[in-house]
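The following note sets out some points for a colleague who is examining this structure. They concern helix packing, the sheet and the confidence of the model.

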Amino acid sequence: MKSPRVTIKDVAAAAGCSPGTVSFVINRNRPISAATRKRVLDAIERLRYQPYGKRGKPFRRRILLLADSMSHATVVTFTREIAKQGFLAETCYVYGGYEEIKEVLSVVGKAADVAGIINTLPQVSSVDLLKMCKGIPAEIYIRNGSMLSSVTVDFKHGVLQALQHLAGLGHRKVAFLYYRGFKDPCMVDRVDCFRNCKSHLERHAVPFDEQNPDGDEEFDALYREGVTAFLASTMEYAVSVLRWSYRRKRMIPDDVSLLVFEDSEIVNRQCVTLTAVQLPLQELAHHTVKNLLAQICDRPPEPCRLSTRLLIGESSGSLKVD
């Protein structure tokens, strides 16, 4: 005789909860306590219950990437890693303010086939994801201190690498160029590390009000004060220094050294190859996706901390002594 099919009511009875709670656990569309979730999952395994319907697990194969136009290299790397794991990566580019982001998260929270979310937007917090995405597993891309960021980066190590490199080349004064309005926690960490880390170099943290500054006057003043090395927080600031050096006939690296925080191949496509402090993007993608899949399968993520690397290019050289 054929065994009767196990129903959601059978699972609910075995777990001591309502059928609705079982549905919420399966579909992750409501916050459920860890204890209740465990009882439901144990009952599902014990009874060999097979969820079915349009929100069943086999249909939840999409992992959503929340990104902006500045994160191309990150998106490409994560898309490849997600595909390796048998999931479909879908990138949602968000260009507006916080209200537009809330609308996007509200729509994502109602999606039937989203298995998980990876957020790279600095404006989106852990609370936003937990509140608006209704329990869909999520990871936040390298935000040190965030409850949903299990993979972190030692930014102090990257800043120290740059400063030690410049000190070894004989430089004495270095300026760090960054955008004053940038709220990215990674950038905040870099600025704090630059100001506070131990180094005998004289350091100048120089904020700008524009993301693409024409900083000739500021660069002139810094150069007159004895600054012979610039550490650019973004590629835009590195390009500004390159333009200034061309207009002022300052040779790189003979007169001025230039380093940049940049992870993409664009550092090799300038008039000189740039010395760059880079994130280990492939490792970041691997561990972040791995920990997101652990959440999807109701396993705890494995926190890890990674270090940056220094890629030596043609833009940094020994200080010329007159």
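1. In this predicted model, helix H9 (residues 216–224) packs against helix H10 (residues 235–247) at an angle of about 75°, and the two axes lie 10 Å apart. H9 is therefore roughly perpendicular to H10, since an angle of 65 to 115 degrees counts as such.

2. The residues that make this contact may be inspected on both sides. H9 contributes Asp216, Phe219, Asp220 and Tyr223, while H10 contributes Ser240, Val241, Trp244 and Arg247. Sorted by class, the contact of H9 with H10 comprises 4 nonpolar, 1 polar and 3 charged residues.

3. A second helix pair is formed by helix H7 (residues 155–168) and helix H8 (residues 185–196), whose axes are 9 Å apart and which pack at an angle of about 50°. H7 and H8 are therefore oblique to each other, because their angle falls outside the ranges for roughly parallel (under 35 degrees), roughly perpendicular (65 to 115) and roughly antiparallel (over 145). The crossing of H7 with H8 is right-handed.

4. Which residues of H7 meet H8? On the H7 side they are Phe155, Lys156, Val159 and Leu163; their counterparts in H8 are Cys186, Asp189, Arg190, Cys193 and Phe194. By class, the contact of H7 with H8 has 6 nonpolar and 3 charged residues, with no polar ones.

5. The model also contains an open sheet of 4 strands, in the order E2-E1-E3-E4, and the pairing is parallel. Strand E2 (88–93) and strand E4 (138–140) are the edge strands, each of which pairs on one side only. From one strand to the next, the twist averages 20°.

6. Within this sheet, strand E3 (residues 114–119) runs parallel to E4, and 3 bridges join the two. For Ile118, the bridge partner in E4 is Glu139. As a general matter, strands of a sheet pair through backbone hydrogen bonds, either parallel or antiparallel.

7. Where does pLDDT stay under 50? This applies over residues 53–59, for which the model has 9 contacts beyond four places in sequence. For the protein chain, the mean pLDDT is 86, and 93% of the residues reach 70 or more.

Conventions
Residues are numbered from 1 along each chain as its sequence is written. This is a predicted model: local features need pLDDT of at least 70, side-chain atom pairs count only at pLDDT 80 or more; totals for chains, interfaces and linings use all residues. Side-chain values use heavy atoms; hydrogens and water are left out. Axes are lines fitted to C-alpha atoms, for helices over the stretch in contact, and angles run from 0 to 180 degrees between N-to-C directions. A crossing is left-handed if the near helix is turned anticlockwise from the far one by less than a right angle, and right-handed if clockwise. Contact means heavy atoms within 4.5 Å. Ala, Val, Leu, Ile, Met, Phe, Trp, Tyr, Cys and Pro count as nonpolar, Asp, Glu, Lys and Arg as charged, and the others, Gly among them, as polar. Two strands pair if DSSP finds at least two bridges between them. pLDDT is the predictor's confidence in each residue, from 0 to 100.
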